[in-house]
Amino acid sequence: MRIALSWLREFVELHESPDELRPVLDDLGLVVEGIEYVGEGLQDVVVARIDEIRAIKGADRVRLVVVDAGAGPLEIVCGATNFALGDHVPLAPVGAVLPGGFEIAQRSMRGVTSNGMLCSARELGLSEDHRGLMVLDAMIEPVVGQSLLEALDITPDVVFDISVEGNRPDAWSVEGVARDLATRFGRALAAPSLAEPNGTETSASFAGAGIDDPDLCGRLTVSVLRNVNVGPSPAWVARRVQSAGMRPISNVVDASNLVMLELGQPTHPYDAAQVARRTIRARRARPGEKLLTLDGVERELARAGRGLGDTGEDCVIVDGDDHVIGLAGIMGGATSEISDDTTDVLLEAAFFDPMTIARSSKRHGLRSEASNRFERGVDPHLALRAAARFVAILRESVPDLEWLSAPLDVWGTIPTPPTVEIRSDDVERLLGLEIPDDEVTSILRGLNFEVTEHGESLMVVPSTARLDVRSGAAGRADVIEEVARIYGYRRLPRRTPKWPEPGALSQRQRLRRHLRDVVVDLGAIEAWTPTLGSDAEFDLLHPGVERVRITNPLASEESVMRATMITGLVRAWGKNVERGTGDVVLAEIGAVFAHPATTPTSRPTRGGVGGSVTLHLPYENERLTVVLGRHDDDATSAVAFWAILAERLGLADVVVRSVDTTPHGLHPTRCGRLVDRASGSVLGFVGEVDAALVESLVAASANRRVGIIDLDVDALADFTKATRRGEVASVPSRYPSASIDLAFVTPTSVHAADLAHELASASELVEDVALFDVYRGANLPDATRSVAFSVRFSSPDRTLSESEVARARELLIDKARSLGAVLR
C-alpha cells in the first residue's frame, strides 16, 4: 500500500524525516518495503503543445511529433499513440534528468533528430500508468511552457510503500496508519472534513435499499446524490489517487477511490438512471446468473468452488427488477457505470462477510482494491462517515451537489466486538516487562479501544475496525500484542529462554544411534521388516504359543505382532538371494512382542474406585538383529562381527557361553549366549540361523550358512549390567615392551575368555593378552584342547629386564593352573 507523507501529515503532526519514520513504521508492524521521492527530477519538465504529427519513413512504431514548449517548434520522436493535435503533454528537454537519474540527450533515429522526450506518468514517477503519454488537458488548463510542477501544483513529496499484514484490516487506510503513528508519538489525530446532507427531500422518496441475506451483507447504506456533473477531479484529488498508484478517471470515481484509500471503506457509485426502480438490494447469487463486470468480462455466478470450504456462494447487488448489477465488495457491473451523462448517483457503502468476499474473489480470479479490504474486514460502522467524506470531496468539483437527507441504512448481521479482561499481571507475564496501567489505557484508547476499570482488571472492548481481535485468552493475547506494538518491541527487554533441562538425546537414544552407526560401519545394510505378520509366520518359530493379536487388523496377514525379527530379516535376505544380490549383511533395530501369558511381567496402573488395578500387558523388547548372509559367513564370522561390535561399544567382559536351551530360530549346535561376566546377565545370542528355517523361507539358499547376532537393546541400555571400557585413558609406556607366547592344555569346560581374563590379572606388568590359536588333536587328553595366547608386558617407568619378564611369566603359569590349565 502506497501512502504519501504529506497525506499522513494531514492526520497527525509529523516533523520526523522519512528516514526517521521508516524504523518507527517497521516497529509498528507496518513494514516499509520502499520509499519513493515524488517530484524529484521534474524541475526541468515543461508543458508542451502538440502542433504536428508526421510519419517517419521506414518506421512503423514511432512518429515525428512537432511540439511547442514556448520557445519555438521542437521535433521529438515518440512511440506513443494516445494523443492528438492540440493536446498538451509533459516535455523533458535535452539535458533534463528524470527520476531515477535518467538524463535526456539528443538522439538520431531513422535520420531524424529527437530534441527531448515526451513522457508518461510512470516515467515522471507520478503514477504507474505507462500506457501512453500523460495527457494534461483532462486534468488541468495547461499553459504552454509552464513548469510541470507548477501546472500540476506538485509539491515534492515522499511515498512510503507499506506492507500491511492480513490481520490488520484497520491499517489498510491512511487514517489507520496515521492512528498508529499518533498513538506511538502521543499526538492528536485529526479528522477529515465531512459533509452534511443538504437536500430538501429524503433519500427514501427517491431510492430504495434492502438486504435479502443478512449473513452475507451486514450493512447496506445508499446515499442519493443529485445535480451531479461528471468531469475531471481537482488537481489535489488526482495527485492523491496517483500517489497511491491508481489512475484518475473522473471526479465521481476518484472521490470513491480517495475515500477508500483514506478511511479504508470502499464505496461504489451507481448511475441512478441505469438502476431499475432506483433500488439497490444485496442477496445471494443464483445458479445460472451472469454479470458483465467493469473490466469487460462476463462472469458466471454461484458456480461451484474448488477451495476448501468454498460453497460457491456469491453476494451480489441487484436492482429493483432483481437484475444483478454488481459483484458485492469486488467490482460493479458495466450496465450501471458512471458516465459523462450521469446526473444522479446512488452511492453504496456497505459491510460484507469477509470470507464470502475472499472466496468469491479467488473463485473468479478477480482482485480489486475493494476486495482486498472487504476480505480482511471493514469497520461495519464506517459506511455513513465514508459517504459524508465522499460528498465533501465531490462538492469541490460539483458545488451544486445535493445530498438527500436520511440516507438509506439497512442492517443485517455484523460481528459484535468481544469484551476482553486484562488482569493486573497479564501484561508483565506475557511481555516480561511491567507497563503502568495508565500507559496501557492510553495506548488502547489511542487505538480507539474502549477501556474501563473493573477492580484490578481492565475491561477492553476493541474498536469495531479491529475484527481480528478474538475473545477469551486469545483475545487477551491480541490486546497485549497491540500494547507491545505501540509501546515498541525494541523497548522490550531481550532475554534468552532457559530451561532446567535443555533438550538432548537420552541415554537410550544415544545408544540406539551408536549401535546403528557401528553396524553400518561394519558393512551392514539397515533394513526394516514388518512388525505385523500372520499366524503361519509366527508358527514357524513359536508353534502353539500364545501371541499378541491385533483386534482390528487390516488383513489376516497382518494380525499378529512379531516375536522375533529373525524371520523377517531372513525372508528379506532370501529376496536378495533370488535376485542375485544375497551377498549382504542386514541389520534392524526394532521391537518384538511377547504375550503376557508367556512372560511374568505385569504392570500396575492407577485409577478406578477400588484403587490400583494390575494389567497384564504385552511385553515389548527392543532388539538389534544382524543377519550375515555373505557366502563365507557362519557362526565364526558372527562371533568375529560381535567382537568388533563389542569393542566399538566399549563393552568389557562380555563372553560367549554355551546355551542350555537353543533359542527359537538358531542352530542347535552353532550358537551361544552373550553373557556379562560380572552379573551373569544375558545380553543376546550369536551363532547361525537354524538351517531348517533358512530352507523353509529361502528356496534358493543352496545349503548356505547364515550368521546371526541377536542383541537385547534393553539389557545393553542398563549400564549396571555392562562395564564400559576406556572411560579412563591410559598413557602408553614410552619404554620397549616384551612379548611371549604361552600355550595351555585346558579342559573343554574352561572358556578361553575366562583364562585370558585370569592371565591379564596375574601381573601388573601385563599390558595385553590375545588368543591366537586353538588346537584339538589325538595327541591331547580326552575332553581337552590347546589354547595359545600372545602376552605383552610393559612398564610405564623402565625397560623390563629378562628376570622381570621371567618372574611375570611364572605368575601367569601359576594363575592358569588354578583353572586346571597346564603349560603345554
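On a 1 Å grid over the protein atoms alone, a cavity is a set of points where a 1.4 Å probe fits but cannot get out, while a pocket is an open set with protein on both sides within 12 Å along at least five of seven lines; lining residues have an atom within 4 Å of a point. Grid points are joined across faces, edges and corners, and a volume is the space filled by probe spheres set on the points.

This is a predicted model, in which local features need pLDDT of at least 70 and side-chain atom pairs count only at pLDDT 80 or more, while totals for chains, interfaces and linings use all residues. Residues are numbered from 1 along each chain as its sequence is written, and side-chain values use heavy atoms, with hydrogens and water left out.

**Cavities and pockets**

Let's start with the enclosed space. Searching the whole structure turns up three cavities of 30 Å³ or more. The largest cavity holds about 50 Å³. Its lining includes Met139, Ile140 and Leu152, together with Ser233, Pro234 and Ala235. Ala238, Arg239 and Gln242 also line the largest cavity.

Now for the open spaces. The largest pocket holds about 1900 Å³, and among its 44 lining residues Val654, Val655, Ala752, Ala753 and Leu771 lie nearest the centre. Helix H16 gives the most to this lining, with eight residues. Other elements that each supply at least two residues include strand E37 (666–676), strand E38 (682–689), helix H19 (752–760) and strand E42 (766–775). Helices (H or I, at least four residues) and strands (E, at least two) are DSSP runs, numbered from the N terminus.

The second largest pocket has a volume of about 930 Å³. Of the 39 residues that line the second largest pocket, Val253, Asn257, His268, Leu294 and Met331 lie nearest its centre. Elements giving two or more residues to that lining include helix H6 (251–263), strand E22 (345–352) and helix H8 (369–374).

The table sorts the linings by residue class. Ala, Val, Leu, Ile, Met, Phe, Trp, Tyr, Cys and Pro count as nonpolar, Asp, Glu, Lys and Arg as charged, and the others, Gly among them, as polar.

| Lining | Nonpolar | Polar | Charged |
|---|---|---|---|
| Largest pocket | 25 residues | nine residues | ten residues |
| Second largest pocket | 19 residues | 14 residues | six residues |
| Largest cavity | six residues | two residues | one residue |

**Helix packing**

Two packed helices are described by the angle between their axes and the distance between the axes. Here, axes are lines fitted to C-alpha atoms, for helices over the stretch in contact, and angles run from 0 to 180 degrees between N-to-C directions. Angles under 35 degrees count as roughly parallel, over 145 as roughly antiparallel, 65 to 115 as roughly perpendicular and the rest as oblique. Contact means heavy atoms within 4.5 Å.

Helix H13 (residues 507–521) packs on H16 (residues 635–649) at about 135°, with axes 10 Å apart, which means that H13 is oblique to H16. His514, Leu515, Val518, Val519 and Asp521 of H13 meet Phe641, Leu645, Arg648 and Leu649 of H16. That contact has six nonpolar, one polar and two charged residues.

Helix H11 (residues 437–446) packs against helix H12 (residues 472–487) at an angle of about 95°, with their axes 10 Å apart, so H11 is roughly perpendicular to H12. From H11 come Glu439, Val440, Ile443 and Leu444, and from H12 come Val479, Glu482, Val483, Ile486 and Tyr487. Seven of these contact residues are nonpolar, none polar and two charged.

H12 also has helix H4 (residues 174–185) as a partner: their axes come within 9 Å and cross at roughly 70°, and H4 and H12 are therefore roughly perpendicular to each other. Here Asp180, Thr183 and Arg184 of H4 touch Arg485, Ile486 and Tyr487 of H12. The contact of H4 with H12 divides into two nonpolar, one polar and three charged residues.
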